[in-house]
Amino acid sequence: MKNQDCKAKGMTSNGKGKSSVDSRIMVLGRSAVGKSALVVRYLTRRFIWEYDPTLECTYKHHSVVDDENVVMEILDTAGQDENIHREGGVRWADGFVLVYAINDRQSFEDITSIKQYIDETKKTNVQCVLVGSKSDLHHERLVSTVEGQKLAADMACAFFETSASEAGSEIPELFQELHREIKRRKLVENKPRRRSSAQQVKQVLTKMFNKQTSKTGPS
Ligand SMILES: Nc1nc2c(ncn2[C@@H]2O[C@H](COP(=O)(O)OP(=O)(O)OP(=O)(O)O)[C@@H](O)[C@H]2O)c(=O)[nH]1
């Protein structure tokens with residue numbers, strides 16, 4: 001695959017061309033929930049059944065969101081690493097795709113601690129999307145849609161239930177939605193701050209004082 005940088009375990013942040021990247025997205029979740037399948041489906045529109053579980057990859061992806069050309073970097077993590085080597089990736093990322101599989105209860109339970117880890121590391125509001133993957137396996141379902149929706153609401157994330165194995169899934173939507181959220185936050189962060197009212201009062205008084213001094217002249 002083009003624009004791909006993979007490593008066997010460990011953090012992969014090539015940081016190359018960082019300034020030209022609009023969104024840095026990290027995909028997290030327990031092993032085998034379908035993170036790679038999700039990313040590969042988004043990037044190639046294909047599903048290949050077998051994905052290397054030991055690889056951690058960063059992909060650079062050009063796409064169009066709301067008529068705008070955007071560049072995303074997507075870090076697909078290796079779930080086997082559990083808590084190891086995550087800090088660098090979490091610090092690097094602007095937003096997170098948190099994935100559980102609807103037929104793996106433990107993967108759903110893990111999401112809360114993953115989100116907590118992100119919040120503690122970033123120490124700020126983070127943009128995230130919660131994904132219930134493998135929705136085609138509804139006969140094996142162990143996590144209800146309502147539970148997913150509730151967790152997403154608690155974490156202030158958007159929520160998607162989807163399947164990488166099915167064409168026409170909402171996978172592009174979820175990446176685009178996360179990009180929009182990241183963009184919104186960046187706009188807010190980059191807005192020039194309004195001066196505090198104390199500063200404004202100080203400025204008015206200084207002006208008045210200066211006017212008075214120039215009228216009366218120096219004594
Ligand atoms: N039925 C079904 N199987 C899926 C789906 N997504 C992934 N799988 C299968 O689930 C297994 C694990 O998928 P991966 O994409 O490797 O999972 P991962 O979360 O990246 O796993 P790690 O790399 O170990 O963290 C593979 O056998 C996939 O074929 C899906 O939407 N539906």
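Which residues in α1 are buried? In this predicted model, they are Lys35, Ser36, Ala37, Leu38, Val39, Val40, Arg41, Tyr42 and Leu43.

## Helix α1 and its surroundings

Helix α1 spans residues 35-44, and because 9 of its 10 residues are buried, the helix is largely enclosed by the rest of the structure. The elements that cover these buried residues include the strands β2 (23-28), β3 (55-65), β4 (68-76), β5 (95-101) and β6, together with helix α5 (171-190). Just after α1, Arg45 takes a positive phi of about 60°.

## The shell around the ligand

The ligand is surrounded by 21 residues, of which Gly34, Ser36, Tyr51, Pro53 and Gly79 come nearest. Helix α1 gives the most to this shell, with 3 residues. Ser36 therefore appears in two roles, as one of the residues that come nearest to the ligand and as one of the buried residues of α1. By class, the shell is made up of 9 nonpolar, 9 polar and 3 charged residues.

## Overall architecture

The secondary structure of the protein chain comes to 6 helices and 7 strands, and from the N terminus on these elements follow the order β-β-α-β-β-α-β-α-β-α-β-α-α. Of the 219 residues in the chain, 37% count as buried. Among contacts between residues at least 6 apart in sequence, 75% join residues that are at least 24 apart.

## The pairing of β6 and β7

Strand β6 (residues 127-133) and strand β7 (residues 158-161) run parallel and are joined by 4 bridges; within this pairing, Val131 has Phe160 in β7 as its bridge partner. Between the two strands the chain passes through helix α4 (residues 145-154), and the resulting β-α-β crossover is right-handed.

## The nonpolar core

In soluble globular proteins, nonpolar side chains tend to be buried together. Here the largest nonpolar core has 46 residues, and those with the most contacts inside it are Ile25, Val27, Val97, Leu98 and Leu130.

Val27 offers a detailed view of these surroundings: leaving aside residues up to four places away in sequence, it touches Lys35, Leu38, Val39, Ile74, Leu75, Asp76, Thr77, Val97 and Val99. Among these contacts of Val27 are Lys35, Leu38 and Val39, which also belong to the buried residues of α1, while Val97, another contact of Val27, is itself listed with the residues that have the most contacts inside the core.

Note on methods: Residues are numbered from 1 along each chain as its sequence is written. This is a predicted model: local features need pLDDT of at least 70, side-chain atom pairs count only at pLDDT 80 or more; totals for chains, interfaces and linings use all residues. A residue is near a molecule or strand if its C-beta atom, placed from the backbone, lies within 6 Å of it. Ala, Val, Leu, Ile, Met, Phe, Trp, Tyr, Cys and Pro count as nonpolar, Asp, Glu, Lys and Arg as charged, and the others, Gly among them, as polar. Two strands pair if DSSP finds at least two bridges between them. A crossover is right-handed if, with the strands pointing away from the viewer, the path from the first strand over the helix to the second runs clockwise. A residue is buried if 20 or more other C-beta atoms lie within 10 Å of its own, exposed if 12 or fewer, and partly exposed in between; C-beta atoms are placed from the backbone. Two residues are in contact if their C-beta atoms, placed from the backbone, lie within 7 Å. A nonpolar core is a set of buried Ala, Val, Leu, Ile, Met, Phe, Trp, Tyr and Cys residues joined through C-beta atoms within 7 Å.
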